[in-house]
Structures are given as C-alpha cells and as structure tokens.
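Welcome, and thanks for opening the viewer. Please load the model shown below and keep your selection tool handy for a short walk through a few elements.

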Amino acid sequence: MRTMDPMPPIKTVSIVIPARHEQDTIGPVLDALNAAIATLPQYTFETLVVVDSMEDLTVQVAQSKGATILINDKLKGKGNALYFGFNRTRGEVIVTFDSDGSHDPADLPRFIEALEQGNGLVIGSRVMGGSTDHDVIRLFANALFTVMVSLLFRMTLMDTLNGYKAFRRNVVLGYKPRTKGFDVEIEIVAKAVRKGYSIVEIRAHESRRAGGRMKSHAIRDGFYLLWACLREGLSYQVWRLFHPRPSQAAVSAQG
Ligand SMILES: Nc1nc2c(ncn2[C@@H]2O[C@H](COP(=O)(O)OP(=O)(O)OP(=O)(O)O)[C@@H](O)[C@H]2O)c(=O)[nH]1
Ligand SMILES: [Mg+2]
C-alpha cells in the first residue's frame with residue numbers, strides 16, 4: 001500500500017493548461033498564474049499551454065506571458081491535449097487547470113502543499129469551494145459520478161470531474177491513455193487509484209468562464225464520461241481479483 005508514503009521532495013512543478021481558442025481568457029489566467037508562481041520561489045516552474053491550432057491569438061497571448069506553447073494539431077480533445085502536454089513535462093509534479101478563467105491560479109500553493117504532505121493526487125473540489133458555473137445538468141452529473149466512483153472504486157470522491165488537479169508525474173505516465181476528451185478526468189483518478197496513491201480533495205472555487213465559448217457538449221461528453229467511468233471502474237475491479245493485496249488508495253478531504 002502506497003498511502004502517504006514519504007515521497008521525494010518537490011523541486012520542479014509543471015503546469016499544463018489546455019487551451020482551445022481561448023484568446024480572450026488565457027492572458028489574465030497566465031497573469032494570475034505568474035503572480036502565484038512569484039509567491040513560491042522554492043520551486044522551479046514550467047508553464048506549458050497546449051493548443052490545437054494557431055487559428056486565433058491564443059498562442060501569441062500565451063507566449064507574451066512567458067508560457068511555452070505546444071501545438072497538438074493531430075488529435076483534438078481536452079484529453080489528447082493534456083496527455084500531449086504531460087509527455088513533455090519535466091517536473092516531479094504536474095498541475096493542470098483550465099484556460100477559461102474558471103479555476104483560480106491563486107489556489108496553486110495549496111495544491112502543492114497537499115502534494116508535499118504525501119498525497120499523490122490532489123483534486124480541487126467545487127463541493128467545498130463552490131461554483132458559479134454549475135447548472136442542474138452539472139449538479140446531476142456530479143452526484144451521479146460521486147455514486148459511480150464510490151461503487152466502482154470503493155472510495156468517496158465528491159468532485160472527480162473537476163479539471164483542477166495536481167499529481168505526481170507517475171500518475172499519468174507509463175501507459176497508453178484511453179480517453180480523448182473531458183473523460184480524461186476519470187482516467188487520471190483511475191490511474192492514481194490503481195497505483196495506490198493517496199488522494200485528497202481540497203477547496204477550489206469555480207467561476208463562470210471569463211470569455212470565449214464553451215467546448216464541452218453535455219450529451220456527447222456525458223456519454224464519454226459515463227463510458228470511461230464504467231470501463232475504468234470495472235477494469236479496476238477485475239484487476240483487483242488478480243492482486244490479492246491490491247493497493248487501496250486513501251482518500252481524504254481538506255477544507
Ligand atoms: N487544446 C485543447 N483544449 C481544449 C479542448 N477542449 C477543451 N479544451 C480546454 O479545456 C478547458 C475546459 O473546456 P471548457 O470549454 O471550459 O469546458 P466546460 O468547462 O465544460 O465549459 P464552460 O462552462 O464553458 O467553461 C478549457 O480550458 C478549454 O480551452 C481541445 O480540444 N483542445
Ligand atoms: Mg470551462
């Protein structure tokens with residue numbers, strides 16, 4: 001069991017930000033990120049912004065704020081963008097959040113602190129932090145996935161789907177990802193569980209996107225999320241049958 005084991009100290013942090021046509025929001029997001037980074041001189045940071053194309057000004061704006069641009073023009077989708085970025089990181093830990101202004105980079109120190117405490121995966125919880133971007137469909141989806149994750153992975157996570165996460169790089173390396181879009185959030189959690197990392201949820205507020213257009217689609221992405229949750233959860237259960245003393249991820253919540 002690899003719960004709360006001492007882990008190597010963190011020196012380098014990679015921030016991976018997916019951005020599809022986010023020229024209106026990426027600038028302020030990176031300004032806020034750079035301000036948060038300035039409060040953490042003990043770490044070396046790299047900021048990778050992953051785009052699919054150079055059709056709008058996202059690349060120019062992000063470059064002007066000091067980010068490294070990665071262009072993933074072969075495969076669209078948030079999951080594809082994230083894994084493209086993950087595979088090019090150098091940090092011991094990776095932090096990922098959205099580029100539309102929904103997630104507050106000022107929360108970054110608390111995410112890193114939770115990793116320093118020995119957790120392998122830190123999830124920003126909108127249940128604890130609140131959201132001004134939730135509607136009935138999203139509330140229902142969150143409740144549904146909370147139940148499904150507790151049944152399939154035997155753990156209580158209140159906000160599996162939130163895109164604000166921080167984790168040890170090993171969580172997302174060493175396997176071929178099966179998710180392409182927003183279902184990536186399920187796969188990251190599933191891998192952390194299977195690898196026996198302790199998981200913690202911390203408070204993180206979600207705001208409405210600050211500009212630009214929504215890229216998710218409730219029905220299409222809802223279907224992919226459901227399928228990913230069932231597939232990853234059931235394959236975890238099968239995997240456990242062949243591992244008499246399977247790693248069991250510990251879950252906790254911090255305010
Ligand atoms: N590179 C890349 N980024 C993507 C893709 N799809 C989504 N993203 C990014 O993933 C993040 C989440 O997408 P959103 O459109 O905000 O999805 P959402 O949060 O469900 O929708 P909103 O309520 O409008 O915020 C944003 O930062 C997007 O730019 C994609 O195909 N490629
Ligand atoms: Mg969003």
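**Stop one: a strand and its partners**

Begin by selecting Gly124 and Ile202 in E7, which stand opposite each other. Bear in mind as you look around that this is a predicted model.

Now widen the selection to strand E5, residues 121-125, and to strand E7, residues 199-203: 5 bridges join the two, and they run parallel. Next, add strand E6, residues 165-168, which is joined to E5 by 3 bridges and runs antiparallel to E5. To find one of the pairings there, pick Ile123, whose bridge partner in E6 is Lys165.

Stay with E5 for a moment: are its residues buried or exposed? The strand is mostly covered, with 5 of its 5 residues buried. Turn on the side chains and you will find Leu121, Ile123 and Ser125 pointing one way, while Val122 and Gly124 point the other way. In a regular strand, side chains alternate between the two faces of the sheet.

**Stop two: a pair of helices**

Next, select helix H6 (residues 136-153) and helix H8 (residues 218-241), which pack with their axes 9 Å apart and at an angle of about 10°. An angle under 35 degrees counts as roughly parallel, so that is how H6 and H8 are described.

To see where they meet, highlight residues of H6 including Phe145, Met148 and Leu152, then residues of H8 including Cys229, Leu234 and Tyr236. Coloured by type, the residues of this contact between H6 and H8 divide into 11 nonpolar and 3 polar, with no charged ones.

Note on methods
Residues are numbered from 1 along each chain as its sequence is written. Chains are lettered from A and ligands numbered from 1 in the order in which they are written. This is a predicted model: local features need pLDDT of at least 70, side-chain atom pairs count only at pLDDT 80 or more; totals for chains, interfaces and linings use all residues. Axes are lines fitted to C-alpha atoms, for helices over the stretch in contact, and angles run from 0 to 180 degrees between N-to-C directions. Helices (H or I, at least four residues) and strands (E, at least two) are DSSP runs, numbered from the N terminus. Angles under 35 degrees count as roughly parallel, over 145 as roughly antiparallel, 65 to 115 as roughly perpendicular and the rest as oblique. Two residues are in contact if their C-beta atoms, placed from the backbone, lie within 7 Å. Ala, Val, Leu, Ile, Met, Phe, Trp, Tyr, Cys and Pro count as nonpolar, Asp, Glu, Lys and Arg as charged, and the others, Gly among them, as polar. A residue is buried if 20 or more other C-beta atoms lie within 10 Å of its own, exposed if 12 or fewer, and partly exposed in between; C-beta atoms are placed from the backbone. Two strands pair if DSSP finds at least two bridges between them.
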